[in-house]
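Trainee: I would like to take a close look at a single part of this model. Could you walk me through it slowly, as I am new to reading structures?

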Amino acid sequence: MFSEIVIKILSFILLAGVAIVLILGIKTLFKGEDKKYSNKLMQLRVLLQFVAIIVLICLAYFFKG
């Protein structure tokens, strides 16, 4: 029970973080104002996706039932 709640909350937080960075990156890219900033946001998105995948795999492994 506890592990399911932890996994769902952490999954949502990770998903929201990736989505926010993705939306900011796309918004900055289409405005065309600062391409370096947009590129940094997209790099951050890839890093956050990597962290999210690793964390979710670890949670699935340790809380498997």
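Mentor: Happy to; we will follow one helix and then turn to some residues of another. Please keep in mind that this is a predicted model.

Let us start with helix α2, which covers residues 35-62 and holds Ser 38. Is Ser 38 buried or exposed? Its relative accessibility is 3%, and the cut-off for buried is under 20%, so Ser 38 counts as buried. What does Ser 38 touch there? Setting aside residues up to four places away in sequence, Ser 38 touches Gly 25, Thr 28 and Leu 29. With Gly 25 we can be more specific: the side chain of Ser 38 reaches the backbone oxygen of Gly 25 at 3.2 Å.

Now move along to Ile 53, which also has its place in helix α2. Ile 53 is one member of a nonpolar patch on the surface. The other members of this patch are Leu 44, Leu 47, Phe 50, Val 51, Ile 54 and Ile 57. Together, the residues of the patch have about 630 Å² of accessible area.

Next, look at Tyr 61 and Phe 62. Tyr 61 is exposed, and Phe 62 is exposed too. Two aromatic rings are described by how far apart their centres are and by the angle between their planes. The count of aromatic pairs comes to 1. This pair is Tyr 61 with Phe 62: the ring centres are 5.2 Å apart and the planes stand at 75°, so the pair is edge-to-face. The cut-off for that label is an angle over 60 degrees.

Finally, let us see how some residues of helix α1 are placed. Helix α1 takes in residues 2-31, and Leu 22 is found in it. Leu 22 has a relative accessibility of 32%, so it counts as partly exposed. If we leave aside neighbours within four places in sequence, Leu 22 is in contact with Met 42 and Arg 45. How far apart in space are Leu 22 and Leu 44? From C-alpha to C-alpha they are 8.9 Å apart, while in sequence they are 22 residues apart. Leu 44, you may remember, belongs to the nonpolar patch.

Helix α1 is also the place of Ile 20. Ile 20 counts as exposed because its relative accessibility is 51%. Measuring with the same kind of ruler, C-alpha to C-alpha, Ile 20 and Phe 62 are 28 Å apart in space, and 42 residues apart in sequence.

Methods
Residues are numbered from 1 along each chain as its sequence is written. This is a predicted model: local features need pLDDT of at least 70, side-chain atom pairs count only at pLDDT 80 or more; totals for chains, interfaces and linings use all residues. Side-chain values use heavy atoms; hydrogens and water are left out. Helices (H or I, at least four residues) and strands (E, at least two) are DSSP runs, numbered from the N terminus. Buried means under 20% relative accessible area, exposed over 50%, partly exposed in between (1.4 Å probe, protein chains only). A polar contact is a pair of N or O atoms within 3.5 Å; within protein, one must be able to donate a hydrogen and the other to accept it, and residues adjacent in sequence count only if both atoms are side-chain atoms. Contact means heavy atoms within 4.5 Å. Patches are made of residues with over 30% relative accessible area and no salt bridge: like charges are joined within 9 Å, nonpolar side chains (Val, Leu, Ile, Met, Phe, Trp, Tyr) within 5 Å. Accessible areas come from the Shrake-Rupley method with a 1.4 Å probe; for residues, only the protein chains shown count as cover. A salt bridge is a side-chain nitrogen of Lys or Arg within 4 Å of a carboxyl oxygen of Asp or Glu. Rings of Phe, Tyr and Trp (its six-membered ring) pair if their centres lie within 6.5 Å; planes under 30 degrees apart count as stacked, over 60 as edge-to-face and the rest as tilted.
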